[in-house]
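Hi,

Here is the structure I said I'd pass on. Have a look at it first, and my notes on the pockets follow underneath.

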Amino acid sequence: MITLTTTDELAQFCEEARQHPYVTIDTEFLRERTYYSKLCLIQMAYPGEGDENAVLVDPLVEGLSLEPLYDLFRDTNVVKVFHAARQDLEIFFIEAGVFPDPLFDTQVAAMVCGFGEQVGYETLVRKIARQSLDKSSRFTDWSRRPLTDAQKKYALGDVTHLRKIYEFLADKIEENGRARWVKEELQVLTSPSTYQMDPEDAWQRVKTRTTTPKFLAVVRELARFRESFAQDRNIPRNRVFKDDALIELASTKPQTPADLGRSRLLLRDARKGDIADGILAAVKAGIECPPSDMPRVKKARDNQQVNPALADLLRVLLKSKTESSGVASKLIATASELDAIASGEREVPSLSGWRREVFGEDALRLCNGQIALSAKGSTIKIVNLN
C-alpha cells in the first residue's frame, strides 16, 4: 500500500492518471470538532486490479500541496469518480474553490439504474463487485498518525472496488440512455450554492412550532449570530448553542446576563463572554426588527387544498412509473410533492427535468382529466380519454 507524502509524488501519480479515461477518488475526514471538515486522507486509483494503481495521499504532511490533484480535477479528459460525493466535494470547494470536471457519482448513477434510494457503497460492492468490505476501521480517528494497516486497507477498498462499480454503471447508463438523468442530478453537487451556508439563511434550518413573524425574527437573528460565530472560529454550531437552546432564547428573550443565567438549556460557556454578548445583541435586534423585515414561512402543506382522491391516483401512477422505470419512487417524487401537485402546485421537482419525462407529464395529464388509470391484475394501465 503506497502512501504519497510529497507534492512531486502526487504530481507523478496525477500525470499517470491522465493517461486513463477515469480515476476513482475518496476521502477520509473529521468534522466532530470543527465547522469545516478536516481532510485527513485521500484515496485514488486508476484502472487496474486489486491494489494495483491505487495510492493513499496524506494531506497532513507538512509541505504537501494538493495543486496537482486540483489540476487533475480541471482536466476534462479524465472522469473523476466518487461515491456519495457531496461531502468530498465540499472539502475541495472550500479548500480550493474547484470541482472535479467531469464528475461521476456512483450513488446517483445507481439510483437512476434501479438500485434504490441513497444506495450505500457496501451494497454496490456486494452486488456489482461481488466482494465484501471490512468496516471495522470506518469510524476510527483518521487524523492520528501513523495509520494502521487495517485503516489503509479499508481506505483503499473505497477506490479499488469503485473501479468495477463505475464501469458497470457507466455501461448500464449508456445502455439505458440515462446519461442526461445523471447529469441533471449532478448539477446540484457542482453548484457553489450547495456548499455556501449564508448566516442570513441559517434560521430556515431551525425547526419550530411557532411561526409568527415576531418570533421568527428573533430566531433569525440568533441563528445568524450562531452561524457567523461558528464559521469565524471553525467550531460546530452546536458548540455555540444547540437548537433547543435557540428556541428557548427566542421564547424567553433575555435582556441581561442575569436573564441568560436562568436559561435551562444554554451551555455554561454561552452565558458569558463573546457568545453571551452575541446572544443579547441578537435578541435585541430581533425584537426591534421592523414588521416589513420580519421573516415569514411558506404556506404549510396542511393548509393546502389537497384533493385526496387525486393524490391517491397520483400515488398509483407513481407506483406504476417506478415499476416500469426501475427507479426508486422517492427519487422520482416524494409524498409531499404528490400532495402539492394534487393541490394545484406546479413548481415541484417531479414536474421538471428527467422526472417530468418519467412521471410528470402523465401526472399533469391525470390532473387535467386527459387520462385515467385502470388495473388488470397487478398491472396499472394508462387510458387516454381524448
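Which element gives the largest share of the lining of the largest pocket? That would be S2, with 6 residues. Bear in mind that this is a predicted model.

Some more on that pocket. The space in it comes to about 1,200 Å³, and 44 residues line it. If you want to find its centre, go to His83, Ala84, Gln87, Gln107 and Arg138, the lining residues that lie nearest to it. Besides strand S2 (22-30), the elements that give two or more residues to the lining include helices H3 (86-96), H4 (106-112) and H5 (121-129). Helices H6 (149-176), H7 (179-189) and H16 (353-367) are on that list as well. By residue type, the lining splits into 19 nonpolar, 16 charged and 9 polar.

As for where the pocket sits: domain 1 (2-194) and domain 3 (308-384) both contribute lining residues, so the largest pocket lies between them.

Then there's the second largest pocket, with about 430 Å³ of space and 19 lining residues. Gly50, Gln131, Thr160, His161 and Arg163 lie nearest its centre. Here H6 gives the most to the lining, 9 residues. The lining has 7 polar, 7 charged and 5 nonpolar residues.

One last thing, away from the pockets: an unreviewed UniProt entry lists residues 212-293 as "domain: HRDC". In the model that span is 67% helix and 0% strand, and its end C-alpha atoms lie 13 Å apart.

Cheers

Key: Residues numbered from 1 in each chain as written. Predicted model: local features only at pLDDT ≥ 70, side-chain atom pairs only at ≥ 80, totals over all residues. Heavy atoms only, no water. UniProt positions renumbered as here; feature names shortened; annotations may be inferred. Helix = DSSP H or I, 4+ residues; strand = E, 2+ residues; numbered from the N terminus. 1 Å grid on protein atoms, 1.4 Å probe; cavity = no way out; pocket = protein on both sides within 12 Å on 5 of 7 lines; lining within 4 Å. Points joined across faces, edges and corners; volume = space filled by probe spheres on them. Nonpolar A, V, L, I, M, F, W, Y, C, P; charged D, E, K, R; others polar. Domains from an automatic or database assignment.
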